[in-house]
Amino acid sequence: MRLSEFWKRMKLHFGDPYAESWARDYVIADLGGRTANQALADGVGAKEVWNAVCGVTDVSPRLR
């Protein structure tokens, strides 16, 4: 998954303004206690981060 696709899905799921805030502030245990932004900055793949987001939120099956 490209980073652009990750952000597209984040914005579709959370809404445009909240997606960036959520990615910056919400700590995910499956990402080693990091936020989505921290994990991406540390080189974790966008697909792995997206899967972690899906694991802690109720993401629509069409976006999974």
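In the predicted model, K11, D16 and E20 are joined through a network of salt bridges. Within this network, the side chains of K11 and D16 meet at 3.7 Å, taken from N to O. Both of these residues retain some access to solvent: K11 is partly exposed, with a relative accessible area of 33%, and D16 likewise counts as partly exposed, at 48% relative accessibility. In general, side chains of opposite charge can pair when their charged atoms come close.

The structure holds five salt bridges in total, and two further examples may be described. R24 is paired with D25, the closest N and O atoms of this salt bridge being 3.4 Å apart, and R24 counts as partly exposed because its relative accessibility is 48%. A salt bridge is also formed between the side chains of D42 and R34, with an N to O distance of 3.0 Å. Of these two partners, D42 is exposed, since its relative accessible area is 52% and the cut-off for this class is over 50%, whereas R34 is partly exposed, with a relative accessible area of 24%.

Aromatic contacts were examined next, and the count comes to five aromatic pairs. F14 and Y18 form one that is edge-to-face, with 5.8 Å from centre to centre and 70° between the planes. In this pair F14 counts as buried at 16% relative accessibility, while Y18 is partly exposed, with a relative accessible area of 45%. The pair formed by W22 and Y26 is instead stacked, the centres lying 4.6 Å apart and the planes making an angle of 10°. Here W22 counts as buried at 6% relative accessibility, and Y26 counts as partly exposed at 36%. Ring pairs link these four residues, F14, Y18, W22 and Y26, into a cluster.

The nonpolar interior was then considered. The largest nonpolar core comprises 20 residues, among which F6, M10, L31, V49, W50 and V53 touch the most other members. The elements that contribute two or more residues to this core are α1, α2 (16–25), α3 (36–41) and α4 (46–56), and α4 gives the most, with six residues. Such an arrangement may be read against the general tendency of nonpolar side chains in soluble globular proteins to be buried together.

M10 is placed in helix α1, which spans residues 3–14, and counts as buried because its relative accessibility is 0%. When residues up to four places away in sequence are not counted, M10 touches G15, A19, W22, A23, W50 and V53. One of these contacts, that with W50, joins positions 40 residues apart in sequence, whose C-alpha atoms are 8.3 Å apart in space.

Helix α4 was examined from the opposite side of these contacts. In this helix A46, V49, W50, A52, V53 and C54 are buried, and the buried residues of α4 pack against α1, α2, β1 (27–28) and α3. For V53, once neighbours within four places in sequence are left aside, the contacts are F6, M10, F14, W22, I28 and V59. V53 is thus in contact with F14 and W22, two residues that also belong to the aromatic cluster with Y18 and Y26, and with F6 and M10, which are among the residues touching the most other members of the largest nonpolar core.

How values were computed
Residues numbered from 1 in each chain as written. Predicted model: local features only at pLDDT ≥ 70, side-chain atom pairs only at ≥ 80, totals over all residues. Heavy atoms only, no water. Helix = DSSP H or I, 4+ residues; strand = E, 2+ residues; numbered from the N terminus. Buried < 20%, exposed > 50% of the residue type's maximum accessible area, 1.4 Å probe, protein only. Contact = heavy atoms within 4.5 Å. Core = buried A, V, L, I, M, F, W, Y, C linked by side-chain atoms within 4.5 Å. Salt bridge = Lys/Arg side-chain N within 4 Å of Asp/Glu carboxyl O. Phe/Tyr/Trp six-rings, centres within 6.5 Å; stacked < 30°, edge-to-face > 60°.
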